[in-house]
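Please consider the following structure with attention to its aromatic pairs, its nonpolar core and one of its pockets.

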Amino acid sequence: MSDVKRIGVVGAGSMGTGIAHLAALSGFQVTLTDTVEAALGRALGHMRKLMDRSISKGKLTPEQMHETLARISVVRELEAMAEADFVIEAIIEDQAAKQDLFTRLDKICRTGVVLATNTSSISITSIAAATGRPERVVGMHFFNPPQVMRLVEVVRGYETSDATVAETKALAERMRKTTVEVKRDTPGFIVNRVMIPQLIEAIRLVEEGVASKEDVDTAVKLGLNYPMGPFELQDFAGVDIGLHVMDVFYNELKDPRYAAPQSLRALVRAGRLGKKVKKGWYDYGDKD
């Protein structure tokens with residue numbers, strides 16, 4: 001893994017931006033690409049904002065910030081991934097879009113380069129099948145925000161090789177992450193498989209009038225020592241993302257435990273998608 005010097009990140013949304021920032025902070029050269037030029041500008045702006053905060057807290061020096069930014073190249077052309085030694089995809093959670101992207105990456109990237117997906121719910125096997133190198137396709141699931149959260153789930157597809165898993169784990173460890181290996185390609189992997197039923201049950205408690213969402217959040221934070229309550233977490237991660245994952249689980253597993261509550265569907269239909277639009281289960285106004 002010492003030969004990985006440049007990491008390619010595809011997708012400049014919140015996760016792609018965080019992964020690119022983490023990689024640059026870890027000393028890697030980074031190429032971040034997105035088809036939307038404005039997204040690339042927002043990504044760099046967000047990184048600068050976070051590093052300015054770190055400087056004000058004495059956790060980073062101005063020189064380190066400049067060095068980190070100098071390691072990051074932003075481009076719109078996917079062909080720039082030809083220079084990457086390892087590629088991480090972080091686009092929208094849509095199977096067809098990911099398969100199309102991986103087909104293109106397979107043609108652009110050098111033979112042997114690992115193509116990793118940051119998907120939280122889509123089958124690694126189905127994504128890998130769109131390439132001619134399924135043994136070099138792997139799930140590399142970071143958590144939000146990637147710069148802070150310590151875990152990376154390394155997920156095997158049906159044909160993912162042992163060498164690919166080992167290289168992906170080693171790369172994550174160079175980014176100071178702890179890894180867990182998901183040995184079977186199952187919806188939601190480990191964390192979401194455990195977490196999603198908890199979110200559903202929290203919503204049902206409110207639907208049944210057992211407690212308010214505020215009291216459910218307080219009970220979970222103080223009773224289970226979680227950093228966020230289930231409604232706060234959904235707003236932070238994206239209410240629509242949670243609904244999508246529930247639907248993937250239900251369609252794949254046919255288990256009623258994963259059926260999304262109607263109040264969640266109503267929230268998404270109303271455009272209340274969480275903090276990213278300033279309203280979800282809670283209203284955020286102009287707060288960050």
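Rings of Phe, Tyr and Trp (its six-membered ring) pair if their centres lie within 6.5 Å, and planes under 30 degrees apart count as stacked, over 60 as edge-to-face and the rest as tilted. The model is predicted, so local features need pLDDT of at least 70 and side-chain atom pairs count only at pLDDT 80 or more, while totals for chains, interfaces and linings use all residues. Residues are numbered from 1 along each chain as its sequence is written, and side-chain values use heavy atoms, leaving out hydrogens and water.

Searching the whole structure yields two aromatic pairs. The ring centres of Phe231 and Trp281 lie 5.0 Å apart with planes at 80 degrees, so this pair is edge-to-face. It links distant parts of the chain, 50 residues apart: Phe231 belongs to helix α9 (residues 230-237) and Trp281 to the segment after α11 (262-269); helices are DSSP runs (H or I, at least four residues), numbered from the N terminus. Phe249 and Tyr258 also pair edge-to-face, at 5.1 Å centre to centre and 85 degrees between the planes. Phe231 and Trp281 are buried, that is, under 20% relative accessible area with a 1.4 Å probe, protein chains only. Phe249 and Tyr258 are buried as well.

The largest nonpolar core (buried Ala, Val, Leu, Ile, Met, Phe, Trp, Tyr and Cys residues joined through side-chain atoms within 4.5 Å) has 37 residues, of which Ile7, Met140 and Phe142 touch the most other members. Not counting residues up to four places away in sequence, Phe142 touches Met15, Ile19, Leu22, Ile88, Asn118, Leu151, Val152 and Met175, contact meaning heavy atoms within 4.5 Å.

Methods:
Buried < 20%, exposed > 50% of the residue type's maximum accessible area, 1.4 Å probe, protein only. Helix = DSSP H or I, 4+ residues; strand = E, 2+ residues; numbered from the N terminus.
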